[in-house]
Amino acid sequence: MALRIASERKKEFVVQQEQVEMIKADQVEKWKEAQRISLWDCSVEELKESPSFLNLETLIVSCKLMSFPSGLFGYMPIIRVLNLSKNFELIELPMEVDRLASLQYLNLSYTQIVKLPNQLEKLSKLRCLILDEMHQLRVLPRQLISKLSSLQMFSIFNSMVAHGDCKVLLKELECLTNLTEISISLKRALPTQALFNSYKLRRIIRRLSLQDCTGMTFVQLSPHVEMLEISACSELRFLKISAEKEGPCDMVHQNLPSQQYFCNLREVEIVLCSRLSNLTWLAHAQNLVSLVVRNCQSLEEVIGEGGGVSEIEQDLVVFSRLKTLHLWSLPELKSICGRPLPFPSLREFDVRFCPSLRKLPFDSHTSTRKNLEKIKGEKEWWDGQVWEDQNSAKNSLSPYFVPVLL
């Protein structure tokens with residue numbers, strides 16, 4: 001969205017500095033006419049006075065910024081894009097952030113900000129707010145989010161504030177009539193259930209992280225979700241697809257082809273979910289690129305033989321775009337899939353502490369794919385594999401095997 005907003009007008013004067021040890025204050029003074037300023041891995045000499053940037057529309061600063069010169073935001077009257085992500089020492093925003101009346105995009109990810117200022121609520125044109133990986137963020141002022149009436153995209157992925165009771169935040173998000181995309185991390189079952197019970201919110205989730213949801217036995221996913229992380233949900237047993245139309249949250253739209261169930265899903269990570277026995281629903285994730293599964297004590301199959309696999313085998317090419325597959329500490333895992341898979345895109349296959357996995361879904365054609373880079377695992381485990389075509393498959397794949405030291 002930032003690129004789209006920034007490109008809506010022609011830029012004539014662009015400043016771009018990268019990996020500069022120290023930018024002098026007098027050099028900054030020369031940027032007054034700039035429409036776009038980008039600073040990466042730089043240090044800026046302390047400014048005694050706040051320069052005016054009357055033409056500035058885009059400011060991207062990713063360096064060792066700890067604070068802003070007093071009053072700086074008051075001299076950027078038409079700025080629309082402000083990206084302060086990865087300023088790892090930045091602990092607060094200036095109160096005069098409300099002076100950025102034209103701001104449409106704000107990214108504070110990977111900063112050390114503890115509290116967002118109430119003045120943010122005055123940014124009536126803000127369309128995109130990104131608060132990812134803010135591990136010190138403790139406070140979102142009440143009614144702040146609901147007052148951002150133009151907000152279209154909101155992301156608070158893997159940030160500390162999302163580990164609290166987010167029911168209030170979810171209610172505020174529901175009030176936003178223009179919201180079309182959210183990414184969020186939730187801890188505990190009650191706010192997670194509140195999310196699943198909201199037709200509006202569950203259908204616009206793009207990235208979802210769930211942690212420590214005690215008592216939650218299933219997860220409902222929208223067909224539009226792109227990234228899913230689930231950790232330490234000890235009672236989780238299965239996942240199901242949410243309705244595409246308003247109604248009971250466990251409905252599946254009858255007109256939705258199975259190939260489209262999870263057509264947008266790209267990344268999945270599942271850790272410490274001790275009651276999951278299979279992940280057969282992933283057969284419908286035809287665009288999946290990365291799959292990481294660790295410490296799931298009961299997992300026996302990735303793609304199981306039940307649950308519609310006969311249909312899957314006929315109609316779906318399972319894991320056709322998968323590039324990375326990591327399977328760690330799955331003591332009961334016996335099968336990835338009951339039949340050989342072509343894995344045309346696979347680059348890295350990493351298996352550790354999976355003693356029961358004795359037959360891999362590879363055939364002699366797997367190694368002929370140009371993308372395969374390495375197969376990692378314990379040497380004893382690799383030597384104990386059972387192959388349908390012992391000579392051809394094992395011989396063709398052995399050059400890619402990299403033993404790991406445990």
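1. Gln 143 counts as partly exposed, because its relative accessibility is 47%, a value between the 20% and 50% limits. In this predicted model, Gln 143 sits in the loop that joins β6 to β7 (153-156). Its phi is near 65°, which is positive although the residue is not glycine. Most residues other than glycine have a negative phi. The backbone at Gln 143 therefore merits a remark in any account of this loop, given its positive phi.

2. Tyr 110 presents a further positive phi, of about 60°, and it too is not a glycine. This residue belongs to the loop between β5 (105-107) and β6 (128-130). With a relative accessibility of 34%, Tyr 110 counts as partly exposed.

3. Glu 121 is also placed in the loop between β5 and β6. Its relative accessible area is 26%, so Glu 121 is partly exposed. Leaving aside residues up to four places away in sequence, Glu 121 touches Leu 144, Lys 147 and Leu 148. A further spatial relation links Glu 121 with Pro 141: the two are 20 residues apart along the chain, and their C-alpha atoms are separated by 9.4 Å.

4. Ser 38 is part of strand β2. Is Ser 38 buried or exposed? Its relative accessible area is 1%, and Ser 38 is therefore buried, the limit for that class being under 20%. From C-alpha to C-alpha, Ser 38 and Leu 59 are 6.0 Å apart in space, while 21 residues apart in sequence.

5. The largest pocket holds about 510 Å³ of space. Of its 27 lining residues, Val 44, Leu 47, Leu 65, Ser 67 and Pro 69 are the closest to the centre. Two elements, β2 (36-40) and β3 (58-62), each give two or more residues to this lining. By residue class, the lining of the largest pocket divides into 18 nonpolar, 4 polar and 5 charged residues.

6. The largest nonpolar core comprises 119 residues. Which residues have the most contacts inside it? They are Phe 154, Trp 281, Leu 282, Phe 319, Leu 327 and Phe 349. The surroundings of one of these, Leu 282, can be given in detail: beyond four places in sequence, Leu 282 touches Leu 265, Val 268, Leu 288, Leu 291, Ile 303 and Phe 319. A second core, separate from the largest, has 5 residues, among them Tyr 105, Cys 128, Ile 130 and Met 153. In soluble globular proteins, nonpolar side chains tend to be buried together.

7. On the overall architecture, the secondary structure of the protein comes to 8 helices and 18 strands. Of its 406 residues, 50% count as buried. Among contacts in the protein with a separation of 6 or more, 51% are between residues 24 or more positions apart.

8. Regarding confidence, the mean pLDDT of the protein is 85, and 85% of the residues reach 70 or more. Two segments call for caution. Over residues 246-257, pLDDT stays under 50, and the model has 23 contacts beyond four places in sequence for this segment. Over residues 307-313, pLDDT likewise stays under 50, with 12 such contacts in the model. Where pLDDT is low, the predicted coordinates should not be read in detail.

Key. Residues are numbered from 1 along each chain as its sequence is written. This is a predicted model: local features need pLDDT of at least 70, side-chain atom pairs count only at pLDDT 80 or more; totals for chains, interfaces and linings use all residues. Side-chain values use heavy atoms; hydrogens and water are left out. On a 1 Å grid over the protein atoms alone, a cavity is a set of points where a 1.4 Å probe fits but cannot get out, and a pocket is an open set with protein on both sides within 12 Å along at least five of seven lines; lining residues have an atom within 4 Å of a point. Grid points are joined across faces, edges and corners, and a volume is the space filled by probe spheres set on the points. Helices (H or I, at least four residues) and strands (E, at least two) are DSSP runs, numbered from the N terminus. Ala, Val, Leu, Ile, Met, Phe, Trp, Tyr, Cys and Pro count as nonpolar, Asp, Glu, Lys and Arg as charged, and the others, Gly among them, as polar. A nonpolar core is a set of buried Ala, Val, Leu, Ile, Met, Phe, Trp, Tyr and Cys residues joined through side-chain atoms within 4.5 Å. Buried means under 20% relative accessible area, exposed over 50%, partly exposed in between (1.4 Å probe, protein chains only). Contact means heavy atoms within 4.5 Å. pLDDT is the predictor's confidence in each residue, from 0 to 100.
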